[in-house]
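Dear colleague,

I am handing over the structure below, and I would be glad if you could look through it before reading my notes on the empty spaces and the helix packing.

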Amino acid sequence: MTNDEVGDLVDRYRVVRSHTEELAAPFSAEDQTVQSMPDVSPMKWHRAHTTWFFETFVLGMADESHVPVDPTFSTLFNSYYVAVGPRYERAARGVISRPGSAEVGEYRRRVDEAMLALLAADDDPAIAEVTILGLNHEQQHQELMAMDIKHVLSRNPLVNRPGVIDWSPAPTSQESLQAFEGGLCQLGVDPATPFSFDNEGPQHQIFVAPFSLADRLVTNRRYLAFIDDGGYERPDLWLSDGWALAQAQGWEAPLYWERGASGWEEFTLLGRGGLDLERPVAHVSYYEADAFARWAEARLPTEAEWEVAVRALGATDDERHGTLHPTGVGDDHFGSLWQWTQSAYAPYPGFAPAAGAVGEYNGKFMINNQVLRGSACVTPPGHSRPSYRNFFNPGSRWMFSGIRLASGAS
Ligand SMILES: [Fe+2]
């Protein structure tokens, strides 16, 4: 590595790490609460876990005799890395009263000090590679922090009060379908891309039949028509597992929609206000997206169709990142909401996880999840690519997910 490359990495490390602290700073009070559902983690847990990642996989790799800042942290803040050792129960992270937010801050400070010293003194490409993975991992947690704190705040009537937001209405634009020829296409990350997660490759050829893809996400207006047409009461529209889950949990609208005095309202990270009908519908499960598509006499795209279309359009990770709620003006493949695809999250041909514990990052989740493509308004800038494969359980709704329709044989 050149001196400039080392300098760039040190700068990037500082920027990503301090951004996490900026995101968490307003929410230390929420660290005193028990988590609002099993998927949600406290802010201080995210801050500590992302630090644990660097301590375990970078400092531990650089020096096998590295003495952990606190040996108990390796259990408390290990998320799912079985090869590293015991892990604390995910659904109980909210009862970790100690260490407190300030002690987690001190943990971050000590690991940062060691990381910055290591990066300045050692130009080993293997250390740089895992550090870059750690920074991308931390960016994923920055988005998780937005998702998690939104769920926690939504449960607090002091914050989730009616009528706080008075939207300036999003512009109206008509959805239209764009046709793509398909054919023999490349799927997956170009090996020349500076960084990608292992699940984005290997790049390979795939045949895609001609298809059409909507040029914008499904709006609240259209989703409301689905609800008003009995969308949540018609089992013929739903996959069996989805229908069972919707019944068991009493779904009658997307997560965060609430009935207000004069119609539907929506809770957002900006507060709660009347539903803006032109914004994209957010926080729907795969099951809801699939049922809506069936009702609309369309379907969800495959992940190959989505990627082929985005490459053909030249769509890129764009300037609308950094908002706390999608704006809804079309041209929204990136930076608005993640888009469900009908593709099961499975390995690409020839996929092999990395050797060692870090190989547990993606590969072992390639079952019972669906792929989402694009990025969301809360995704950190520069954190997505046309080949990026996000994935969630089909019943999950707390991530910033939306619907883009497709048609044609798939
Ligand atoms: Fe993680």
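The largest cavity is lined by Glu30, Asp31, Thr33, Val34, Gln35, Val40, Ser41, Pro42, Met43, Ile149 and Val152, and by class this lining has six nonpolar, three polar and two charged residues. Please keep in mind that the model is a predicted one. The volume of the largest cavity is about 60 Å³, and the count of cavities of 30 Å³ or more comes to one.

The pockets come next. The largest pocket has a volume of about 840 Å³, and of the 32 residues that line it, Tyr80, Arg90, Leu144, Phe391 and Phe392 lie nearest its centre. At least two residues of this lining come from each of α2 (43-62), α5 (125-154) and β10 (390-392), with α5 giving the most, namely seven residues. Sorted by class, the lining of the largest pocket consists of twelve nonpolar, 14 polar and six charged residues. Where does the largest pocket lie with respect to domain 1 (3-154) and domain 2 (177-407)? Because both domains give residues to its lining, the largest pocket lies between them.

The second largest pocket holds about 630 Å³ of space, and its lining is made up of 24 residues, of which Glu129, Leu133, Phe195, Ser196 and Ala354 lie nearest the centre. Here α2 and α5 each supply at least two lining residues, and α5 gives the most to the lining of the second largest pocket, with five. By class, 17 nonpolar, four polar and three charged residues line the second largest pocket. Domain 1 (3-154) and domain 2 (177-407) both contribute to this lining as well, so the second largest pocket lies between these two domains.

Finally, a word on how two of the helices pack. Two packed helices are described by the angle between their axes and the distance between the axes. For α2 and helix α4 (residues 101-121), the angle is about 30 degrees and the axes are 9 Å apart. Since angles under 35 degrees count as roughly parallel, α2 and α4 are therefore roughly parallel to each other. The crossing that α2 and α4 make is left-handed.

With best regards

Methods:
Residues numbered from 1 in each chain as written. Predicted model: local features only at pLDDT ≥ 70, side-chain atom pairs only at ≥ 80, totals over all residues. Heavy atoms only, no water. 1 Å grid on protein atoms, 1.4 Å probe; cavity = no way out; pocket = protein on both sides within 12 Å on 5 of 7 lines; lining within 4 Å. Points joined across faces, edges and corners; volume = space filled by probe spheres on them. Helix = DSSP H or I, 4+ residues; strand = E, 2+ residues; numbered from the N terminus. Nonpolar A, V, L, I, M, F, W, Y, C, P; charged D, E, K, R; others polar. Domains from an automatic or database assignment. Axes fitted to C-alpha atoms, helices over the stretch in contact; angles between N-to-C directions. Parallel < 35°, antiparallel > 145°, perpendicular 65-115°, else oblique. Left-handed = near helix turned anticlockwise from the far one by under 90°.
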